[in-house]
Amino acid sequence: MQLQVTNSPFTAEQAELLNKLLPTLTEAQVNWLGGYLAFYRAGNVGAAVSELAVSQVLEAPVLAAAPAAAVVPQGPREATILFGSQTGNSQRLAGRLADKLKGEGFEVTLSAMNKYKTNNLKKAGYLFIVVSTHGEGDPPDNALSLHELLNSKRAPKLDGLKFSVLALGDTSYEFFCKTGQDFDTRLAELGAERIVDRVDCDVDFEEAAAGWIASVNGAVSVAATSVSQQGVANVASVAASAAVESEYSRTNPFLAEVLENLNLNGKGSDRETRHLELSLEGSGLTYAPGDAVGVYPQNDPTLVDELISFLKWNPQESVVIGKAGETSTLREALLHHYEITVLTKPLLEKAAAFSENGKLADLLKPEHKEELKAYANGRDLLDLLRDYGPWTFAVGDIAGLLRKLPPRLYSIASSVNAHPEEVHLTIRKVEYEAHGRARKGVCSVYTSERLEPGDKLPIFIQSNPNFKPPIDPDTPVIMVGPGTGVAPFRAFLEDREESGAAGQTWLFYGDRHFVTDFLYQTDWQRMLNDGVLTKLDVAFSRDSDEKVYVQHRMLEHGEELYKWLQNGAHVYVCGDEKHMAHDVQSALLTIIAQYGGKSAEAAAAYLAELQEQGRYQRDVY
């Protein structure tokens with residue numbers, strides 16, 4: 001039905017705008033707009049906030065928060081949102097969903113999985129899971145307990161529960177989104193009803209996650225025809241937060257000027273580790289110890305040129321680089337926008353449709369799973385093109401084949417209190433030989449070889465609420481960070497230095513050689529002299545006939561380390577998950593069992609309790 005000027009109070013221009021808008025609105029949007037207009041008519045919005053603030057609210061992702069009161073509840077009016085997160089992405093997305101549902105008048109319980117009282121699951125109406133997959137298909141640390149419970153004989157029956165799952169992962173790993181898939185399958189097996197299909201997100205997750213949140217919000221939304229005075233507070237609150245939050249984010253990175261780019265390794269080292277100092281001046285960005293910086297790098301120009309040359313394409317030809325139709329030259333797109341150094345299974349499956357070589361389709365058959373995994377490991381797009389041609393795709397097919405170049409996350413190595421409007425990073429250069437070619441880490445080689453002071457680097461701050469120093473400054477802290485894993489502990493200690501925190505601190509650091517590879521040695525020596533760092537134990541694996549690592553130093557000091565734990569110490573581990581973090585955890589279990597007089601099972605329970613209390617935190621990769 002069209003609005004007519006003759007039978008409505010609108011001008012011709014207004015009627016035309018409304019006739020374009022109204023058919024595009026969802027039921028939830030119509031309901032929200034009805035409540036908003038009712039509230040506006042009452043004359044309250046103008047008194048509460050400015051016209052500019054209202055426009056900010058209308059554009060904000062928490063748009064549904066203004067009308068807080070609803071009539072005639074339809075179905076459960078409470079929702080439980082549980083997140084399992086290692087780096088903070090799942091927690092942030094869970095919070096975004098919570099804001100949406102609160103705007104629909106729901107009572108929302110938002111919790112990390114390990115903080116949630118699982119007995120409440122039987123009473124929950126809606127349950128929404130947001131969880132990442134870590135390592136080789138493992139749950140994040142704070143999802144372990146719930147994952148174990150639901151997959152055990154103690155799992156409760158969940159008949160009547162309505163649920164949906166958002167899974168975060170990386171298609172370059174074999175067990176893509178496995179943890180989310182586990183939760184999704186198991187909840188259904190326990191009798192819960194899936195109201196929105198699970199969404200599996202790759203590293204470029206923002207759009208897919210936003211779609212899932214919108215679907216969930218639509219599935220649970222109810223009509224709202226009146227607005228309470230709380231709506232005024234919500235509008236004012238959103239407007240105020242919009243005024244103080246930085247405009248820069250993962251989807252709108254800040255171009256940070258490079259202030260310093262130094263090699264931390266000494267002459268003669270077989271490693272190169274860059275200390276990067278970036279300016280945040282004018283960005284409004286801030287951070288806390290334990291947070292990370294996301295860096296959008298550039299691909300290696302030499303590799304890009306080799307790809308274009310192999311395909312005999314024109315580097316200046318225009319290609320689409322975004323869903324909104326943005327374009328770029330082919331060379332710029334391969335430099336800045338698309339990932340070309342990792343072979344994922346989805347990429348290989350898409351590429352097979354353009355290959356005239358039947359061997360690629362054969363490699364993708366289920367019975368060749370192990371061969372596929374071996375081929376993808378350490379190879380890149382150029383390898384694929386050389387190995388499985390000839391190819392039939394054209395330049396215009398690139399957008400459908402390649403995924404976006406994902407940002408790289410680096411633990412912040414500075415305190416904003418010690419370095420106002422700056423952020424420091426510690427990045428080790430990655431170079432190696434594989435399959436007859438030299439390989440280079442995308443971001444590490446970019447920062448070490450092609451980034452100079454004065455250049456601009458696109459970055460964003462990645463908050464990590466799961467890796468934070470104790471609130472009480474008197475709490476003792478044990479930090480284990482070999483190599484670049486020591487970066488966040490520089491931030492921890494600088495922050496304690498600035499605040500005058502009195503709690504004892506103990507750092508375990510390791511690398512290859514004392515003379516050339518002792519990162520931030522002068523910082524640790526100064527902090528020892530000043531009392532900011534109480535104890536420092538180091539392990540340099542190549543300085544003796546027998547390799548010695550941080551876990552060996554921990555075992556050597558096991559009795560004292562256990563006393564620290566008994567006195568309330570928090571333990572932090574940062575670095576390689578596959579080997580170091582596993583070995584450190586084994587050392588902790590040995591120490592707890594030996595000096596606590598516990599069985600292996602009791603030691604594991606003790607460590608799990610530390611994790612539940614937030615006294616054992618890991619930032620591992």
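Me: What is the order of the six strands in the open sheet, and how do they pair?
Reply: In this predicted model, the order is 12-9-16-7-8-13, with antiparallel pairing.

Me: Thanks! What makes strand 12 and strand 13 the edge strands?
Reply: Strand 12 (408-411) and strand 13 (422-428) each pair on one side only, and that earns them the name. Neighbouring strands of the sheet are turned by 40 degrees against each other on average, direction ignored.

Me: How do you know that strand 8 and strand 13 pair?
Reply: Pairing takes at least two bridges. Seven bridges join strand 8 (residues 273-279) to strand 13, so the two count as paired. Among the partners, Leu 278 is matched with Val 423 of strand 13.

Me: Which strands does helix 17 touch as it packs on the sheet?
Reply: Helix 17 (residues 442-449) touches strand 7 (254-263), strand 8, strand 9 (292-295), strand 12, strand 13 and strand 16 (456-462). Its direction makes about 70 degrees with that of strand 12.

Me: Now to the empty space: why is the largest one called a cavity?
Reply: A cavity is a set of points where a 1.4 Å probe fits but cannot get out. The structure holds two cavities of 30 Å³ or more, and about 90 Å³ of space lies in the largest.

Me: What makes up the lining of the largest cavity: nonpolar, polar or charged residues?
Reply: The lining divides into twelve nonpolar, no polar and no charged residues. Leu, Ala, Phe and Ile count as nonpolar, and the lining includes Leu 307, Ala 351, Phe 393 and Ile 398. Helix 15 gives the most, with three residues.

Definitions and conventions:
Residues are numbered from 1 along each chain as its sequence is written. This is a predicted model: local features need pLDDT of at least 70, side-chain atom pairs count only at pLDDT 80 or more; totals for chains, interfaces and linings use all residues. Side-chain values use heavy atoms; hydrogens and water are left out. On a 1 Å grid over the protein atoms alone, a cavity is a set of points where a 1.4 Å probe fits but cannot get out, and a pocket is an open set with protein on both sides within 12 Å along at least five of seven lines; lining residues have an atom within 4 Å of a point. Grid points are joined across faces, edges and corners, and a volume is the space filled by probe spheres set on the points. Helices (H or I, at least four residues) and strands (E, at least two) are DSSP runs, numbered from the N terminus. Axes are lines fitted to C-alpha atoms, for helices over the stretch in contact, and angles run from 0 to 180 degrees between N-to-C directions. Contact means heavy atoms within 4.5 Å.
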